[in-house]
Amino acid sequence: QVQLVESGGGLVQPGGSLRLSCAASGSILSINAWGWYRQAPGKERELVAIVTTGGNTNYADSVKGRFTMSRDNAKNTVYLQMNSLKPEDTAVYYCNSRVLPPSRIWSNYWGQGTQVTVAS
């Protein structure tokens with residue numbers, strides 16, 4: 001069984017920063033992609049950033065220049081550094097990972113989500 005656990009959310013003032021973490025644990029042979037998504041109240045879940053095994057990282061236009069995604073392959077962990085936060089960044093942030101378990105069937109896994117609230 002594979003589990004993703006996010007942490008680092010919270011309440012921050014506009015212009016502030018937060019760093020989210022997502023750690024994968026369990027029976028993992030390989031991970032070839034990670035993604036951060038968010039869902040605001042009344043809206044659909046949207047992609048924030050994604051990184052592949054090759055190291056290519058892509059960001060949603062709304063966060064380019066403010067958010068940075070990084071990964072630590074040795075720890076099966078990814079991070080999302082969020083700077084210059086805006087009220088419209090308020091959402092539940094979810095981590096997603098494409099994992100190869102012992103079954104050798106690539107599967108997508110989601111974390112439970114962590115709340116980020118940007119308000120003064």
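These numbered notes cover the sheets, the core, the disulfide and a few single residues of a predicted model.

1. **The open sheet.** Four strands make up an open sheet, ordered S1-S3-S8-S7. The pairing is antiparallel. S1 and S7 are the edge strands, and each has a single partner, so one side of each lacks a neighbour in the sheet. From one strand to the next, the twist averages 15 degrees.

2. **S1 against S3.** Six bridges join S1 and S3 in the antiparallel sense. Valine 5 has alanine 23 in S3 as its bridge partner. In general, strands of a sheet pair through backbone hydrogen bonds, in either a parallel or an antiparallel way.

3. **Serine 7.** This residue belongs to S1, which covers residues 2-7. Is serine 7 buried or exposed? Neither label fits: its relative accessibility is 38%, so serine 7 counts as partly exposed. Leaving aside residues up to four places away in sequence, serine 7 touches Arg19, Leu20, Ser21 and Thr114. Arginine 104 is 97 residues from serine 7 in sequence, and their C-alpha atoms are 28 Å apart.

4. **S11 and its two partners.** S2 (residues 10-12) runs parallel to S11, with three bridges between them. Glycine 10 stands opposite valine 116 there. S9 (residues 91-100) also has three bridges to S11, but this pair is antiparallel. Here valine 92 stands opposite glutamine 115.

5. **Two faces of S11.** Side chains in a regular strand alternate between the two faces of the sheet. S11 (residues 114-118) shows this alternation. Thr114, Val116 and Val118 point to one face and are buried. Gln115 and Thr117 point to the other face and are not buried. Thr114 is also one of the contacts of serine 7.

6. **The nonpolar core.** How many residues are in the largest nonpolar core? There are 30. Trp34, Trp36, Leu80, Met82 and Tyr93 have the most contacts inside this core. At least two core residues come from each of S1, S3, S4, S5, S7, S8, S9 and S11. S4 spans 30-39, and S5 spans 46-52.

7. **Methionine 82.** This is one of the core residues with the most contacts. Beyond residues up to four places away in sequence, methionine 82 touches Gly16, Ser17, Leu18, Leu20, Arg66, Phe67, Tyr93 and Val116. Tyr93 is itself on the list of core residues with the most contacts. Val116 lies on the buried face of S11.

8. **The disulfide.** The count is one disulfide. Cysteine 22 and cysteine 95 form it, with sulfur atoms 2.1 Å apart. The pair links distant parts of the chain: cysteine 22 sits in S3 and cysteine 95 in S9, 73 residues apart. The S-S torsion is about -85 degrees, so this disulfide is left-handed. Both cysteines are buried.

9. **Asparagine 96.** This residue is in S9. Asparagine 96 counts as buried because its relative accessibility is 9%, under the 20% cut-off. Which backbone atom lies 3.3 Å from a polar atom of its side chain? The backbone oxygen of tyrosine 109 does. Not counting residues up to four places away in sequence, asparagine 96 touches Leu4, Ala33, Trp34, Gly35, Tyr37, Asn108, Tyr109 and Trp110. Trp34 also appears among the core residues with the most contacts.

Conventions: Residues numbered from 1 in each chain as written. Predicted model: local features only at pLDDT ≥ 70, side-chain atom pairs only at ≥ 80, totals over all residues. Heavy atoms only, no water. Buried < 20%, exposed > 50% of the residue type's maximum accessible area, 1.4 Å probe, protein only. Contact = heavy atoms within 4.5 Å. Pairing = 2+ DSSP bridges. Core = buried A, V, L, I, M, F, W, Y, C linked by side-chain atoms within 4.5 Å. Polar contact = N/O pair within 3.5 Å; in protein donor to acceptor, adjacent residues only side chain to side chain. Disulfide = S-S within 2.5 Å. Axes fitted to C-alpha atoms, helices over the stretch in contact; angles between N-to-C directions.
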